[in-house]
Amino acid sequence: MNDARLDVGRLGIWTNQFDNLPVSQAVEATREIEELGYSALWLGELSGREAMTQAALLLSATSRLKVATGIATIYGRDPVTMAQAQRTLHESFGDRFVLGLGISHPWFVEKIRGLSFGPRVPTMRDYLDRMDATPFGPPGAPKQHPRVIGAVGTKMLGLAAERASGAVPFGMPVEHTARARALMGPGAFLGVFQAVLLGPQDRTTREKAWSHVAESLPNRADMLRGLGYSVDLAGPDAERLVRSLVVRGGRDEIGTRVREHLNAGADHVSLSVIGTRPDVLPHHQWRELAGLLD
């Protein structure tokens, strides 16, 4: 979609924990993330604040940090509204705002929003068509800006390379990063979200890692099988699967995994710190991992 590859720096933070805290704490945390030297903050959108509004609040509170929706569900706004919101935020903050789009999950779309969940790739393609055709927005604003798509499967990755700046796969192993780069080609942006668990290699961190994988596995099981992984958490290869999806240990172990993603073709790695209470931000972990690639 864009001639120049999207640049959000190499190391960021992904979180959905802001939704469990007062907005004043989210603002303070965002300022700290900027001061620690992370290049981007990716915000999940599920059951808390509306993504575009929260992005505007956090962009207003910072001066350098790029703030991205990771991801904003296409079922939460019609294409016209999404295009207007993106154009408004780009008018205000330039390339510090990055729009990440995704299709969410059938249960949230149908049971919570009361909408019909359509076929993934055709629905996203139609949504992008209608965004691009939207004539509305700030006076004189360009009609298209960089955007990325939350993508794991090959067809959605292909659409991301064709109709967006690139893709942001969530919680996949390094083998997937290499496959995504090969599929999308050298010109597309590829940002990956990596689950990390900072701490000793003990029973507690192992149980937290396994719990995280068990919760997230259904959304990516087919793709993991295609990469040669067994998705049977009771099977003999379960430990290999968990270690590929969650990197646990200290700075060295986590830094090694980040570099593996970069060497496999990622442009950006966003750290998703797991293992903490939903209402307690992982400040210590963010501080410990700051400057990981320096």
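**A tour from helix H8 outward**

Select Arg 206 and Glu 239 to begin, whose side chains meet in a salt bridge at 3.2 Å, N to O (a side-chain nitrogen of Lys or Arg within 4 Å of a carboxyl oxygen of Asp or Glu). Arg 206 belongs to helix H8 and Glu 239 to helix H10, so the pair ties together parts 33 residues apart in sequence (helices are DSSP runs of H or I with at least four residues, strands E runs of at least two, numbered from the N terminus). This is a predicted model, in which local features need pLDDT of at least 70 and side-chain atom pairs count only at pLDDT 80 or more, while totals for chains, interfaces and linings use all residues. Residues are numbered from 1 along each chain as its sequence is written, and side-chain values use heavy atoms, with hydrogens and water left out.

Next, select residues 203-216, which make up H8. Its buried residues are Thr 205, Ala 209, Trp 210, Val 213 and Ser 216 (buried is under 20% relative accessible area, exposed over 50%, partly exposed in between, with a 1.4 Å probe and protein chains only). The face turned away from that buried side carries the exposed residues Arg 203 and Glu 215.

Move on to Asp 267 and Arg 181, whose side chains form a salt bridge of 2.9 Å, N to O. Here Asp 267 sits in the loop between helix H11 (251-263) and strand S10 (268-273), and Arg 181 in helix H7, 86 residues apart; both are buried.

Finally, stay in H7 and select His 176, which is buried at a relative accessible area of 1%.

Technical notes
Expected span 1.5 Å × (residues − 1).
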